[in-house]
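User: Hey, I'm new to this one. Can you walk me through a few spots?

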Amino acid sequence: MSRLTFAVLSGIRLLAGVSAQTWCNKNYMASQPVVPPGGNFPIPAVSEDPLLAFRCAAAIKPYLEEDIGTPAGVLIDSPVVYSEIVGAQLIDLPAGPLYSAGNLDVTVSLNGKTLVNALVPLNASAYELPFSLDGITPQMTPYNLSCEATYLASNSSSSQTYSASAALSVLPNPTNSSVTKMDLRTGALLVKPATGLGGEYEPIFPIGFYTTFDGYLSTNISAVDTLKQQGEYLLLAQIHIVPTFDNMTAFEMVLDRMQEVGMYLMYDMRYTYMNNTSVMEQVNSIKYRPNLLLWYTGDEPDGTSDPLNATSIAYDLIYNLDGYHPVSLVLNCQDYEWASYTAGTDIVMQDVYMIGNNVTWSNEWNTTCTPDYGDCGCDNCFSIPAGDSAAVSPNTTYYGSTVPVNSGIGSYFDISDRVSSFKNRLEVMGWERTKAVWTVSQAFGSAQYWTRTPTGEEWVVQSIMGINQGALGVVPWVDPNPEYIKMAASAFALALPSLTPYIFNAASVRSNYLVGGVDIATWAVGIETLVLATNTDYVTSNVTWEDIGLPGPGVEVVYTSGSVNTTNNSFTLGSVASAAFVIS
């Protein structure tokens, strides 16, 4: 089993109130009228007949000149669907089960030259076809792969044809910079050690904090060493051209120290990403650092209703200037112009903050929050169900003896719903292979909309709710934060070596279960299964292995948060407790 690299994410961000005239294009002040915001993601029309959504993508982005001579791959997706998602076309299938309906004859070519031809099953996911990079000249602009599929049903004398295209990046070897690759089979990032002293590409699971620069890192460079010692292996650094940040000497010292101790950099341009001149200066200054992991552009651009093409303009410019590192951003709105903003990123994050917050009545603006109006700090979030006292934190003060309808008490399921909806939208757009989803967990409180800070156990619940739906990175907001949250994050990060061999295995099959208030995901690889479970309730909950279709014997406990017990027949999670098990 290969060694994995792990990252805990720290960054720089100023927590500020709403400054736009609208938020998620909604009015939110009592003096303003209710005006529907629009911008909803279109729901694909249902098809009565089967459709084939034929898609292809390079297995790795980017390949390098040094990769020529080693096997490359193209991934084929051939889902048969009954909704009119992007690129889906009618397919005439014979009667009977889909697995006996035959194969697609797929040809992948570049500039008219066939790279590979093979049979691909219908309903395949990330079906990899190997090909050679020999004869392909490295260049900074991507090539365009042509993918053609022919299907001949057993009940038909005429063939059906389908086509798709994909970008193939084969870049010159960098002379003095790092490279972050995306493994499109799993969505994982592949990196070499952040020290710049050499090593092999390994998968990395980013987990850690946005970390304040001014007044924290700027005056306390030893904080970098502390974060490293706590197991936080990735530092998310803020843009250095911020009106309140002008100590470039301290900034460079922090970045140098991060490299020395092996911490990666996620470089943030939130305040200037729409200024092309500034982006050029920053990218050209930072792109050579060996510990650069990825770029970060829009910080909740949907909330502030930035121009719809703003993230795409920045994305294209960054790739023209660099091309060796992916681009990320975070979206705050549940459903406002999602496709336009997500078009300009490789990694899209969500930031549902629902702890210590009234999600239906704004503490800041004294107004209600609905899909058409209001800002509660948690866009379009739902209250826990009426009467669900088990889901109520002991610190909650929003209700009396029973939980009423529309209580305003936030639900952890808003996190899983947000991540799963982002994943579903990627599939609708045909981006599920080329873009990944990360999650931003709440590590702050006692300010603005939020009356308290999450406990360490609650922080873990938030993070696992995202991971169980396919999030491949956790970026909590914000550090500094209470020591107990850092300890919870460090303990979870240190458990990642037991989890990522399953999460980052292209052959693994993820399944999801909900047993009472316990959210569970399993990743099956051969005879072994990873179980990641988190209790969203504030009472003890029990789950039998039969509930999730697994045998009890052969259980290895690889991570716990809170009170956890196991038997041959079941496992028990205490109040907002979490656990990971490997069953073989």
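User: Which hand does the crossing have where H7 passes H8?
Analyst: H7 passes H8 in a right-handed crossing; the near helix is turned clockwise from the far one by less than a right angle, while anticlockwise would make it left-handed. Bear in mind that this is a predicted model, where local features need pLDDT of at least 70, side-chain atom pairs count only at pLDDT 80 or more, and totals for chains, interfaces and linings use all residues. Residues are numbered from 1 along each chain as its sequence is written, and side-chain values use heavy atoms, with hydrogens and water left out.

User: Where are those two helices, and at what angle do they pack?
Analyst: H7 covers residues 413-429 and H8 covers residues 456-467; they pack at an angle of about 25°, with their axes 8 Å apart. Helices here are DSSP runs of H or I with at least four residues, strands are runs of E with at least two, and both are numbered from the N terminus. Axes are lines fitted to C-alpha atoms, for helices over the stretch in contact, and angles run from 0 to 180 degrees between N-to-C directions.

User: What does that make H7 and H8 relative to each other?
Analyst: Roughly parallel, therefore. The cut-offs are under 35 degrees for roughly parallel, over 145 for roughly antiparallel, 65 to 115 for roughly perpendicular, and oblique for the rest.

User: Which residues meet there?
Analyst: Phe413, Ile415, Ser416 and Val419 in H7 meet Gln462, Met465 and Gly466 in H8, contact being heavy atoms within 4.5 Å. The contact residues divide into 4 nonpolar, 3 polar and no charged. Nonpolar covers Ala, Val, Leu, Ile, Met, Phe, Trp, Tyr, Cys and Pro, charged covers Asp, Glu, Lys and Arg, and the others, Gly among them, are polar.

User: How about H4 and H5, at what angle do they cross?
Analyst: H4 (residues 276-286) and H5 (residues 310-321) cross at roughly 35°, and their axes come within 10 Å. That crossing is right-handed. Asn276, Val279, Met280, Val283 and Asn284 in H4 meet Ile313, Leu317, Ile318 and Leu321 in H5, a contact of 7 nonpolar, 2 polar and no charged residues.

User: Switching to strands: which way do the residues of S17 point?
Analyst: Ala188 and Leu190 point one way and Leu189 and Val191 the other, and all are buried. Buried means under 20% relative accessible area, exposed over 50%, and partly exposed in between, with a 1.4 Å probe and protein chains only.

User: How many bridges join S16 to S17?
Analyst: 3 bridges, and the two strands run antiparallel. Strands count as paired if DSSP finds at least two bridges between them. Met182 stands opposite Leu189, and in the hairpin, with 4 residues between the strands, Gly187 takes a positive phi near 90°. On to S18 (residues 202-206): S17 is joined to S18 by 3 bridges, also antiparallel, with Glu202 as the bridge partner of Val191.

User: What's the strand order in the open sheet of 3 strands?
Analyst: S4-S7-S12, with antiparallel pairing. S4 and S12 stand at the edges with a single partner strand each, so one side of each has no neighbour in the sheet. S7 and S12 pair over 5 bridges, and Val74 has Leu129 as its bridge partner.

User: Last one: is Ile91 buried or exposed?
Analyst: Buried, because its relative accessibility is 5%. Ile91 lies in the loop between S9 and S10. Leaving aside neighbours within four places in sequence, Ile91 is in contact with Pro50, Leu51, Leu52, Leu122, Tyr151, Gln160 and Tyr162.
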